[in-house]
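User: Hi! Could you walk me through the empty spaces and the helix packing in this one?

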Amino acid sequence: MGHGGGSDCLVASLVGDWLTRMGVERVVLGGVACQWWLPPGEERVGLKSVLGPDFYEPTDLVGAKPLNDYAVIVGEDASIEGRAPHEATAARNFGGEAFIISLRGGGQGVGAGLKAVIEHYGADLLVSVDVGSDTLSTGDEIRPTQTSLADHLTLSGLLQQDIVTYFALAGYGLDAEMELEELDANLGTAIRGGSFRGVIGASYPALEKVRDLHAQAHDPIGSLVIKAGLGEFGLERVVKSNPFGEVARIGPSAVPIWVFDPVLVTELVAKHAADLIPTTSLANAEDVYRSLGRIPETGLLRFIDYAR
């Protein structure tokens, strides 16, 4: 599953392809209900930027089939007011359906949603794939992470499952949300503490397919994972929350998909995910995150037009 919203679910198909090549009989893709949508009917033009994501209600999606209050199954036509989540693209290209987990029920809601999906499919393995860096943040970084509430809520859900789960990180540092020196330090802490489980190498056919899917459903960060996997190293300007953009450094460390034990990576680095487990609503989770010195991305203005 995609870990932090946007096209994480498409990048997660690289792990799905690897599992299939290793002999897993069935792989199902999904993600969390988090998108950086513009208002209905608007296009991304001029100096208008999307700052805060929308932790939308997945049951509002066209054709959504609820499993419980926090999980739905969607098809390729899923949309809200003409805006389609990336999971609709995943459904169109991988088996006809995908699942989406709500973040509106706090940590308890994510946990319950994942349990419903696992029971529905009879799954015995769950791999959650983040793109970038911010799940591996501690909250003590020089520059606060911009979108880590979604990541830590999802991680809190993994911690509540009874089956084998793994947290995976693709596109190391490509979201440009952490200074690489601090990300490297946190990765070192996670590895020294025994949470590291290995790396996955994406196949060329899977990379090419995900590149084509990003042409259908673009994501400025997910698309960089493909560049890294194909060896297109260098600096990249990423335009996310402001018109000037930020600098992403595409290097060799962004080629493999890093895999960790979610319990140990939480204990060692992403400790604030554990604090979110008892939360029962988004407002509750936001309050807890603020009390930890964090800035929840859902507390920001969603749109900013920088033009005078």
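Analyst: Happy to. This is a predicted model, and its largest cavity has a volume of about 40 Å³.

User: How many cavities of 30 Å³ or more does the structure hold?

Analyst: Just one cavity reaches 30 Å³ or more.

User: Which residues line the largest cavity?

Analyst: Its lining is made up of Leu14, Ala170, Gly171, Ala202, Leu207, Val225, Gly229, Ala254, Val255, Pro256 and Ile257. By class, that gives nine nonpolar residues, two polar ones and no charged ones.

User: Let's move to pockets. How much space lies in the second largest pocket?

Analyst: The second largest pocket holds about 460 Å³. It is lined by 22 residues, and those closest to its centre are Arg26, Val27, Val28, Ala123 and Leu125.

User: Which helices and strands supply at least two residues each to that lining?

Analyst: Those are α1 (8–21), α3 (106–121) and β6 (125–131).

User: And how do the lining residues of the second largest pocket divide by class?

Analyst: There are 18 nonpolar, two polar and two charged residues in that lining.

User: Nice. Now the helices: what do people usually quote for a packed pair?

Analyst: Two packed helices are described by the angle between their axes and the distance between those axes.

User: OK, α3 was in the pocket lining. At what angle does α3 pack with α4?

Analyst: The angle between α3 and α4 is about 55°, and their axes are 8 Å apart. The two helices are therefore oblique to each other.

User: Is the crossing of α3 and α4 left-handed or right-handed?

Analyst: That crossing is right-handed. On the α3 side the contact involves Gly106, Gly107, Val110, Gly111 and Leu114, which meet Leu153, Thr154, Ser156, Gly157 and Leu158 of α4. By class, the α3 contact with α4 has four nonpolar residues, six polar ones and no charged ones.

User: What about α4 and α10, how far apart are their axes?

Analyst: Helix α4 (residues 148–158) and helix α10 (residues 282–291) have axes 11 Å apart and pack at an angle of about 110°. That makes α4 roughly perpendicular to α10.

User: Which residues make the contact between α4 and α10?

Analyst: From α4 come Ser148, Leu149, His152 and Leu153, while α10 brings Leu282, Ala285, Glu286 and Tyr289. The α4 contact with α10 divides into five nonpolar, two polar and one charged. Leu153 of α4 shows up here, and Leu153 also appears in the contact with α3.

User: One last pair. At what angle do α2 and α6 cross?

Analyst: The axes of helix α2 (residues 86–93) and helix α6 (residues 204–216) cross at roughly 130° and come within 10 Å. That makes α2 oblique to α6. As for handedness, α2 passes α6 in a right-handed crossing.

User: Which residues are in that contact, and how do they divide by class?

Analyst: Thr89, Arg92 and Asn93 of α2 make the contact with Lys209, Leu213 and Gln216 of α6. By class, the contact of α2 with α6 has one nonpolar, three polar and two charged residues.

User: Great, thanks!

Note on methods
Residues are numbered from 1 along each chain as its sequence is written. This is a predicted model: local features need pLDDT of at least 70, side-chain atom pairs count only at pLDDT 80 or more; totals for chains, interfaces and linings use all residues. Side-chain values use heavy atoms; hydrogens and water are left out. Axes are lines fitted to C-alpha atoms, for helices over the stretch in contact, and angles run from 0 to 180 degrees between N-to-C directions. Helices (H or I, at least four residues) and strands (E, at least two) are DSSP runs, numbered from the N terminus. Angles under 35 degrees count as roughly parallel, over 145 as roughly antiparallel, 65 to 115 as roughly perpendicular and the rest as oblique. A crossing is left-handed if the near helix is turned anticlockwise from the far one by less than a right angle, and right-handed if clockwise. Contact means heavy atoms within 4.5 Å. Ala, Val, Leu, Ile, Met, Phe, Trp, Tyr, Cys and Pro count as nonpolar, Asp, Glu, Lys and Arg as charged, and the others, Gly among them, as polar. On a 1 Å grid over the protein atoms alone, a cavity is a set of points where a 1.4 Å probe fits but cannot get out, and a pocket is an open set with protein on both sides within 12 Å along at least five of seven lines; lining residues have an atom within 4 Å of a point. Grid points are joined across faces, edges and corners, and a volume is the space filled by probe spheres set on the points.
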